[in-house]
Amino acid sequence: MQRKAYVSGVAALLAALLAGCTGSSADGGSTDDSNPGDSGTTQATAEPGRYRTLPEACGAVSQDTLDLLLPGIREMADEAQQEKAYEGSATLTYDTDRKVGCRWKVESSDATDHLFVNFDRVVSYDNAVSDDSEAEQVFATKQAAANLPAPATSGPDTEESPSPSATPSDSASASVSASASTSPSGSSSESASPSGPPADLQPRTLDDLGDEAFLNDVLGGAGSTARQRTVTVAFRTSNVIVTIQYEEQPTTIGVVPDSKEMQDRARKLAAELAGSLGG
């Protein structure tokens with residue numbers, strides 16, 4: 001009787017052990033220590049931007065480019081003054097990994113030139129939004145604030161034809177205006193519409209710079225004063241937004257800074273900075 005009870009107890013114990021080993025996986029459940037509620041619920045985190053730091057703004061512009069944009073530097077006889085002019089002035093910032101900038105101001109015999117370069121690194125604080133997407137939204141707001149005109153369409157219907165009412169004297173006046181003399185700094189008497197640059201130099205988006213870019217060109221002042229022109233080029237590369245603001249104000253009243261020359265200079269600098277960022 002005792003032996004039979006002992007055998008029955010052993011059999012019951014073995015059956016219980018076998019049930020414990022197989023029961024946890026009978027319904028497809030996991031046998032590891034993971035939390036059941038975590039299965040399939042992990043949310044993907046948006047990718048960080050390409051850039052984690054920013055360059056030193058005052059050192060980002062080459063000396064040759066500064067010579068081009070700020071001709072007055074080459075006129076300086078004092079070497080210490082010239083060196084200081086090349087260095088520029090860093091803008092106040094509290095986080096050089098997020099925002100840096102530099103300003104230059106140089107006077108020449110023909111004009112006063114200002115240059116401002118700014119780098120912004122955009123960071124998204126929403127795990128579902130990437131740094132690039134956040135930077136794209138910031139850049140879109142910046143471009144909208146520039147109020148760029150709608151792109152001009154080309155075609156036979158938009159091509160301008162000579163006015164039938166034009167007279168020989170009108171043609172002569174136009175010829176004289178187009179051949180107005182220019183100053184050594186590249187400024188010229190205003191021969192285009194006083195409201196802005198020619199059609200091919202109007203504010204516009206650029207498709208050959210960074211991920212997206214635009215150019216703005218604003219002419220300020222009245223005809224009786226020295227006209228100040230401001231050319232702005234802004235572009236985005238991944239999560240970094242670069243802004244270049246280039247201004248020139250001639251010393252001679254009635255002289256207008258040349259739009260094409262200033263735009264070409266600003267775009268050259270933009271391409272240089274985009275290349276240094278790898279954009």
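Start with the whole protein chain and switch on its surface: the accessible area is about 17000 Å², and 51% of that belongs to carbon and sulfur atoms (Shrake-Rupley method, 1.4 Å probe; for residues, only the protein chains shown count as cover). You're looking at a predicted model, where local features need pLDDT of at least 70, side-chain atom pairs count only at pLDDT 80 or more, and totals for chains, interfaces and linings use all residues. Residues are numbered from 1 along each chain as its sequence is written, and side-chain values use heavy atoms, with hydrogens and water left out.

Now go to cartoon view. The protein chain has seven helices and nine strands (DSSP runs numbered from the N terminus: helices are H or I with at least four residues, strands are E with at least two). Buried residues make up 33% of the 279 residues (buried is under 20% relative accessible area, exposed over 50%, partly exposed in between, with a 1.4 Å probe and protein chains only).

Next, select strand S8, residues 240–250. Nine of its eleven residues are buried. Add strand S3 (residues 111–121), which pairs with S8 in the antiparallel sense over eleven bridges (strands pair if DSSP finds at least two bridges between them). Zoom in on Leu115, whose bridge partner in S8 is Tyr246.

Then add strand S7 (residues 228–237), which runs antiparallel to S8 and is joined to it by nine bridges. Here Ala234 has Thr243 as its bridge partner in S8. The hairpin of S7 and S8 has two residues between the strands, and Ser238 takes a positive phi near 55°.

Time to look inside. Which residues have the most contacts inside the largest nonpolar core? Pick Leu115, Phe119, Phe235 and Leu273, in a core of 38 residues (buried Ala, Val, Leu, Ile, Met, Phe, Trp, Tyr and Cys joined through side-chain atoms within 4.5 Å). Helix H7 gives this core its largest share, seven residues.

Stay on Leu273 and show its surroundings. Leaving aside neighbours within four places in sequence, Leu273 is in contact (heavy atoms within 4.5 Å) with Ala60, Val117, Phe119, Phe235, Val242 and Ile244.

Last stop: Ser276, in helix H7 (residues 259–277). Is it buried or exposed? Ser276 is exposed, with a relative accessible area of 54%. A polar atom of its side chain lies 2.7 Å from the backbone oxygen of Leu273. Finally, select Val61: it and Ser276 are 215 residues apart in sequence, yet 9.8 Å apart in space, C-alpha to C-alpha.

Technical notes
Polar contact = N/O pair within 3.5 Å; in protein donor to acceptor, adjacent residues only side chain to side chain.
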